[in-house]
Amino acid sequence: MSVVVVTDSSACLPLEARDRWGIRTVPLHILLDGADLRDGVDDVPADIYARERVTTSGAGPEELAEVYRNALDYSAGSGVVAVHISSALSGTFGTAEQVAGQIGPGVRVIDSRSAAMGTGFAVLAAARAAAGGADLHGVAAAADAAVQRAHAYMVVQRLDNLRRSGRIGSAAAWLGTALSLKPLLAVEEGKLVLAQRIRTVSKAVASMIDRVCEVVEDRSAALAVHHVANPQGAQEVAGALAERLPVCEPAVITSLCPTLALHVGAGAVAVCVDVDPGGS
């Protein structure tokens, strides 16, 4: 058997990709009115991002251990590579490291230093390597390489959710007063940080598209566009990227998973990029 790849629900991987590559997923959690809802498993209110008394939590040690052990058994000893949401954004990676340490060297845990398809692209790189016959070290190396070449940007329309979430890093100081700003955010060193202060959503989105194009240049790249209750905005971003980056395949467009959506709020649009290491 080959190495089995595991991730968590924050990777926002389409079901068909998970099925095709045999990727196993551990749910993150949404705590709402006393209920513990598993992201991607339980029914989550469509307007979860609009709720005020709601929080999120990472995957627990018991559920991680169960998925890792089952995957390790299925691999017939080939091993497990688990790629999880950035350790700066969730406690899941820290818990995963502890669990993997208890199970043994057959489970390797990778910090994606990102979220959504920023994580998902590293997961897919690992899964492709596993399908190609790579051993545990090779699969982990493929994931690590994808982590290094990942880029992610986001435009939010409201600051309320970011203020409540506490996951905005160095930009937190101005969130309380800059209500007229539409920030362009980026994932840097695993953290969600302020990349640029912009006055309008349209200009922020245009700047995000420019930054993606600057990263990709004339090379091929995998692109994913995420949104929160903003399918039209996502389609427009994907269309603009298709025009300016003709070498790239069309961007995958998906809703942001609930555990991420409630931190950024309605209207948010994000782009995740995995630049082809082979060049143009």
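Where is glutamate 217 found? Let's start there, and hello everyone. Before I answer, please keep in mind that we are looking at a predicted model.

Glutamate 217 sits in the loop between α8, residues 201-216, and β11, residues 221-227. Its backbone catches the eye: the phi of glutamate 217 is near 55°, which is a positive value in a residue other than glycine. Buried or exposed, then, is glutamate 217? It is exposed, because its relative accessible area is 53% and the cut-off for exposed is over 50%.

Now let me take you to another loop, the one between α2 (61-74) and β6 (80-84), where you'll find alanine 76. Alanine 76 has a phi near 55°, again a positive value in a residue other than glycine. With a relative accessible area of 59%, alanine 76 is exposed.

Let's leave the loops and turn to the strands. Please find β8, which covers residues 150-155. Which sense does β8 take when it pairs with β13, residues 269-275? The pairing is antiparallel, and 6 bridges make it up. If you'd like one bridge to look for on your screen, try methionine 154, whose partner in β13 is alanine 270.

β8 has a bridged neighbour in β9 as well, and that strand spans residues 184-188. How many bridges join β8 to β9? There are 3, and these strands run antiparallel. Here the one to look for is tyrosine 153, which has alanine 186 as its bridge partner in β9.

So, to recap the strand part: β8 pairs with β13, and β8 is also joined by bridges to β9. Thanks for listening!

Note on methods:
Residues numbered from 1 in each chain as written. Predicted model: local features only at pLDDT ≥ 70, side-chain atom pairs only at ≥ 80, totals over all residues. Heavy atoms only, no water. Pairing = 2+ DSSP bridges. Helix = DSSP H or I, 4+ residues; strand = E, 2+ residues; numbered from the N terminus. Buried < 20%, exposed > 50% of the residue type's maximum accessible area, 1.4 Å probe, protein only.
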